[in-house]
Amino acid sequence: MGINKQQKRADTGAELHLFARKLFPICRSITGNGIRETVSLIGERIPLKIFELPTGTQVLDWTVPKEWNIRDAYIKTPEGKRVVDFQKCNLHVLNYSVPIHAKMPLSELKPHLFTIPENPDWIPYRTSYYKENWGFCLTHNQMLGLKEEEYEVCVDSSLENGQLTYAECFLPGKSTEEVLISCHVCHPSLANDNLSGLSVATFLAQLLSGRELRYSYRFLFIPGTIGTIAWLAKNRETCKRIRHGLVLTCIGDRGFFHYKKSRQEIAEVDRVVEHVLKHTDPSATILPFSPYGYDERQYCSPGFNLPVGCLMRSVWGTFPEYHTSADNLEFLDPNSLAESLVVCASVIEVLEKNQRYINLAPFGEPQLGRRGLYPLTGGTAPELELNARLWTLNLSDGHHSLLDIAERSGLPFDRVHAAADLLLRNGLLAPVDTSNS
Ligand SMILES: [Zn+2]
């Protein structure tokens, strides 16, 4: 990588990290003001349309829950000292806790406390969306410090009829066929799980906006599971236009890339991501589809069966920091964020350019030298260039796409595309009409 490219990537990484830093303190959940604040900050960067669905709305097999908001929460000693304080870290409260204000002995409080004994200085992230409960998450060491005395326990929250909020950024392209990029926005102060995906998605939308695009792009910033289910319920017609899709999550840590295939497993997006990763991160791992994970679960439910895969670095649940206070801004690496953005942009580049051509001189090899198309030694990589031109000519029979050619030849897509472009300009190839493919 050249020094300029390296500098540019460092700048992008710093900017991505700064954006995540701005969003980090907000106490988000699957409903409530945390999501509103979050999408309004995203909306400062990209055109965003905000949707709200009222509590009680039936969405597929689910119902939009009550809206949750929180102002404060604490556990106080008899001396009035806050030993657990929501103001210091929003993970301290069990997300979706119902309000409570009471005095109780430690024995009564204990069933409502959650810790991680294996990592005694980390606060766990816990939720109770669909069962009314209250609770606190704290470090194990904090809990060991609690004496047998009476505590004042307060969760100043509300769980009332309200709205489920999500946001969409739609970028129209030449075709009405769509590419869907989805990320969840429902986690409180967690960096890699939540903020990495939404930061990269925001910057990706920024990169694409104003560009001339083949596909239309729909970015969803949405609460996990219930938000996606609500969106699917309301967008049956849109779903029919989705040709490719990606869920972005956990893409800001220092781990290698992982891509979980869509349920279809041989969808174009599955092949494109695999191809891009093969040429960018030799340690990347391709995972088969499984019906557990992030919102690809909903997009890939059998009734929809959309071609939507999930791009991650470290896989959720496999790194110890997952769903704990250690998934913080230090865990989020600017360079990894920038690299993830580059991978996403490359995937889109391939999707945009993956077309079929037909060789107009298919009987014998056309004489490349006569046309100045035989790469001479001394160029950057003459053998590779020649190889790309010969493969592209040979397989451009109207059936093979440029991705097919890249896969079969082992050459990176951009090299094959560059060859096709050159051959096209020299009258040796013609595009196959893909306007309705
Ligand atoms: Zn999570």
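**Figure 1. Surroundings of N90 in the predicted model.** In this predicted model, N90 counts as buried because its relative accessibility is 6%, which falls under the 20% limit for that class. The residue is placed in the loop that runs between β5 (82-85) and β6 (100-105). A polar atom of the N90 side chain lies 3.2 Å from the backbone oxygen of P25, and a polar atom of that side chain is likewise found 3.5 Å from the backbone oxygen of I26. When neighbours within four places in sequence are left aside, the contacts of N90 are with P25, I26, C27, P188 and S189, so that P25 and I26 appear both in this list and as the backbone partners of the side chain.

**Figure 2. Backbone conformation at Y96.** Y96 is found, like N90, in the loop between β5 and β6. Its phi is near 85°, a positive value in a residue other than glycine. With a relative accessible area of 2%, Y96 is buried.

**Figure 3. Surroundings of S396.** S396 is situated in the loop between α11 (382-395) and β18 (397-401), and with a relative accessible area of 2% the residue is buried. The side chain of S396 reaches back to the backbone oxygen of T392 at a distance of 2.7 Å, and T392 falls within the residue range of α11. Not counting residues up to four places away in sequence, S396 touches Y357, I358 and N359, together with I405 and L429.

**Figure 4. Packing of helix α8 against helix α12.** Two packed helices are described by the distance between their axes and by the angle between those axes. For helix α8 (residues 268-280) and helix α12 (residues 402-409), the axes come within 11 Å and cross at roughly 45°, which makes α8 oblique to α12. The crossing in which α8 passes α12 is left-handed. On the side of α8 the residues that take part are E268, R271, V272 and H275, and these meet L403, D404, A406 and E407 in α12. The residues of this contact divide into 3 nonpolar, 1 polar and 4 charged.

**Figure 5. The loop position of K147.** K147 lies in the loop between α4 (140-144) and β9 (150-160), where its relative accessibility of 54% places the residue among those that count as exposed. K147 and P105 are 42 residues apart in sequence, while the distance between their C-alpha atoms is 9.5 Å.

**Figure 6. Backbone conformation at N305.** N305 lies in the loop between α9 (296-299) and β16 (308-312). Although N305 is not a glycine, its phi is positive, at about 50°. At 25% relative accessibility, N305 counts as partly exposed.

**Figure 7. The protein chain as the setting of these views.** The secondary structure of the protein chain comes to 13 helices and 19 strands, and the C-alpha trace spans about 90 × 45 × 35 Å along its principal axes. Of the 437 residues in the protein chain, 56% are buried. Among contacts with a separation of 6 or more, 79% are accounted for by residues 24 or more positions apart.

Methods
Residues are numbered from 1 along each chain as its sequence is written. This is a predicted model: local features need pLDDT of at least 70, side-chain atom pairs count only at pLDDT 80 or more; totals for chains, interfaces and linings use all residues. Side-chain values use heavy atoms; hydrogens and water are left out. Helices (H or I, at least four residues) and strands (E, at least two) are DSSP runs, numbered from the N terminus. Buried means under 20% relative accessible area, exposed over 50%, partly exposed in between (1.4 Å probe, protein chains only). A polar contact is a pair of N or O atoms within 3.5 Å; within protein, one must be able to donate a hydrogen and the other to accept it, and residues adjacent in sequence count only if both atoms are side-chain atoms. Contact means heavy atoms within 4.5 Å. Axes are lines fitted to C-alpha atoms, for helices over the stretch in contact, and angles run from 0 to 180 degrees between N-to-C directions. Angles under 35 degrees count as roughly parallel, over 145 as roughly antiparallel, 65 to 115 as roughly perpendicular and the rest as oblique. A crossing is left-handed if the near helix is turned anticlockwise from the far one by less than a right angle, and right-handed if clockwise. Ala, Val, Leu, Ile, Met, Phe, Trp, Tyr, Cys and Pro count as nonpolar, Asp, Glu, Lys and Arg as charged, and the others, Gly among them, as polar.
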